[in-house]
Amino acid sequence: MTNYATHLNALDARYHLHSQTNAVAHQSRGALMLTGGRGVFVSDIQGRDYLESMSGLWYANLGFSNQRLTEAAHAQLQKLPAYHTFNHRSNDVCAQLSEQLAQIVPLDDARIFYVNSGSEAIDSMVKMAWYYHMAKGQPNRRKIISREGAFHGSTIFGAVVGGLSHMKDGFNLPATDGVVRVSRPSHFREAEKGETEAAYCDRLIAEIEDVIAAHGAESIAAMIAEPIIGAGGVLTPPKGYFSRLSALLQSHGILLLMDEVICGFGRTGNWFGSQTFGAQPDMIAMAKGLTAGYIPMGAVALSGAVYDAIAAQSDQLGVFGHGFTYSGHPTASAVALAALEQYHEMKAPALTARRGQDLTRALEALATDDMIGEVRVEGFIAGIELVADKASRTFFAPELAVGRRFENNALREGLIVRNMGDTIAICPPYIISDDEFDLMITRLRAALMTTR
Ligand code: PLP
């Protein structure tokens with residue numbers, strides 16, 4: 001390491017508490033200190049390139065050196081860099097962005113509310129579900145149904161409503177009795193021996209029916225779900241799951257809140273994962289791909305029916321008492337508009353559907369290896385399951401940390417992937433070329449060989 005790299009690592013270790021990192025282990029391990037990005041590659045302080053097969057954290061759909069995004073930010077910074085949207089204020093770019101988003105979300109007569117991150121979108125969506133039911137004269141509808149393994153962000157309620165224990169451990173969070181937990185959809189890990197996907201789906205839906213009956217629909221405000229559970233292991237739902245779920249929830253007056261923070265903006269072969277899986281949401285949370293990660297921004301899209309109730313309540317109360325200083329931020333809005341323009345030009349949903357077929361072919365070829373138990377691909381996102389024994393579907397002991405070793409080996413090969421236990425996630429930038437795609441698969445194979 002050069003002296004400068006050592007110096008920066010020392011600063012980072014001394015002054016920076018990292019997100020989602022073991023703070024003590026970080027002191028000795030140090031950081032992967034990135035200083036540059038070019039297309040689908042990022043480079044570290046020693047000039048080493050890494051192919052980013054995870055688009056950072058599922059956001060860099062347009063890679064790391066998109067000039068149009070940079071120029072949009074620059075131009076807006078010179079024009080009106082910042083302004084808020086409280087108290088009847090707006091800005092020209094935010095108004096245009098709202099129209100553009102309303103045109104692509106699968107909601108009737110949609111309205112858009114702005115935030116700065118996925119977590120804030122989740123918190124806002126839940127608050128709005130409660131506000132909606134209050135407006136409808138049903139204040140007892142407070143419970144939220146959520147699934148094991150779900151990731152809904154790091155704010156207090158995001159962590160509480162999420163289904164990952166490491167997000168709660170050590171925090172002494174408020175009681176979770178307002179959250180009703182149901183199974184995650186994972187046919188690979190949780191179906192009974194010989195259980196078909198259809199029978200497994202029946203079982204999942206029956207469980208939710210039972211939960212609604214046990215708690216009483218009149219006590220339940222909403223169910224929240226990712227189209228594909230991302231950080232919980234790239235779990236795709238069984239066929240028919242979301243259309244049946246939507247009908248069930250509708251029949252009980254329970255809102256469906258879709259967390260599209262990963263799946264939005266074309267990732268699954270449609271503009272939104274809800275469309276891919278036949279879900280009929282009442283609200284949609286989005287972030288990440290909205291600005292392709294170049295600047296923080298998130299949003300919640302509401303159906304016209306939800307909006308009407310909220311609007312009427314705000315009139316009664318005098319104000320809709322929710323919102324952030326940077327809601328509808330003009331520079332973020334300008335970047336989002338430029339991202340959307342490019343998604344439209346590249347026909348992102350069709351492109352990811354097509355690239356997904358390439359990914360399926362490549363990963364299925366890789367999956368002839370004994371160590372891969374299953375690959376799940378939906379659009380341009382995939383999960384690869386590492387197993388100890390494929391025939392008997394035996395998993396590795398967690399203490400072997402095989403997934404983590406795979407991720408580290410991939411890094412040595414110049415490839416960034418993400419492990420969630422023994423599931424390896426791939427979520428490549430939409431702009432990846434054929435040669436880069438082949439390089440990604442070559443490096444994945446090399447990581448597999450060195451992990452065995
Ligand atoms: N929801 C999902 C599905 C996510 O994957 C994430 C982040 O990875 C979030 C919510 C939280 O988003 P943020 O980290 O922008 O707050």
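How many of the 16 residues of helix 13 are buried? Twelve of them are, so to speak, under cover, and the views below, taken from a predicted model, come back to that helix after a look at the whole.

**View 1. The whole chain packs about as a globule of its length would.** Here you have 16 helices and 15 strands in one protein. The radius of gyration is 22 Å, close to the 22 Å that the globule rule gives for 452 residues, so the protein is as compact as a globular protein of that length. Along the principal axes, the C-alpha trace spans about 65 × 60 × 45 Å. Buried residues account for 48% of the 452. Take the contacts between residues at least 6 apart in sequence: 72% of them join residues at least 24 apart.

**View 2. Helix 13 (residues 330-345) is mostly covered.** Its buried residues include Pro330, Val335, Leu340 and Tyr343. What do these buried residues pack against? Helix 4, helix 5 and helix 14 (348-366) are the partners. At 1.5 Å a residue, the 16 residues of helix 13 should span 22 Å, and the end C-alpha atoms are indeed 22 Å apart. After the helix comes Lys347, with a positive phi near 50°.

**View 3. Helix 1 (residues 3-15) lies largely in the open.** Of its 13 residues, the number buried is zero, so there is little cover to look for here. The length works out, though: 18 Å is expected at 1.5 Å a residue, and the end C-alpha atoms are 18 Å apart.

**View 4. A shell of 15 residues surrounds the ligand.** Ser117, Gly118, Ser119, Gly153 and Val261 come nearest. Helix 6 (residues 118-135) gives the most to this shell, namely three residues. Sorted by class, the shell has seven nonpolar, six polar and two charged residues.

**View 5. Four strands make an open sheet with mixed pairing.** The order is 1-2-3-13. Strand 1 (34-38) and strand 13 (415-416) each have a single partner strand, so one side of each is left without a neighbour in the sheet. Strand 2 (residues 41-44) and strand 3 (residues 49-52) run antiparallel and share three bridges. To find your way, look for Phe41, whose bridge partner in strand 3 is Leu51. Strands of a sheet pair through backbone hydrogen bonds, in parallel or antiparallel fashion.

**View 6. Strands 11 and 12 form a hairpin.** Strand 11 (residues 372-377) pairs with strand 12 (residues 382-386) in the antiparallel sense, over five bridges. Val375 sits opposite Ile384 of strand 12. Four residues lie between the strands, and in this hairpin Gly379 takes a positive phi near 60°.

**View 7. Asn87 and Val234 both have a positive phi.** Most residues other than glycine have a negative phi. Asn87 has a phi near 50° and belongs to the loop between helix 4 (67-79) and helix 5 (92-104). Val234, at about 50°, is in the loop between strand 7 (220-225) and helix 10 (241-251). Is Asn87 buried or exposed? It counts as exposed because it has 7 C-beta neighbours inside 10 Å. Val234 has 25 C-beta neighbours inside 10 Å, so Val234 counts as buried.

Key. Residues are numbered from 1 along each chain as its sequence is written. This is a predicted model: local features need pLDDT of at least 70, side-chain atom pairs count only at pLDDT 80 or more; totals for chains, interfaces and linings use all residues. Helices (H or I, at least four residues) and strands (E, at least two) are DSSP runs, numbered from the N terminus. The expected span of a helix is 1.5 Å times one less than its number of residues. A residue is buried if 20 or more other C-beta atoms lie within 10 Å of its own, exposed if 12 or fewer, and partly exposed in between; C-beta atoms are placed from the backbone. The radius of gyration is taken over C-alpha atoms; the globule rule is 2.2 Å times the number of residues to the power 0.38. Two residues are in contact if their C-beta atoms, placed from the backbone, lie within 7 Å. A residue is near a molecule or strand if its C-beta atom, placed from the backbone, lies within 6 Å of it. Ala, Val, Leu, Ile, Met, Phe, Trp, Tyr, Cys and Pro count as nonpolar, Asp, Glu, Lys and Arg as charged, and the others, Gly among them, as polar. Two strands pair if DSSP finds at least two bridges between them.
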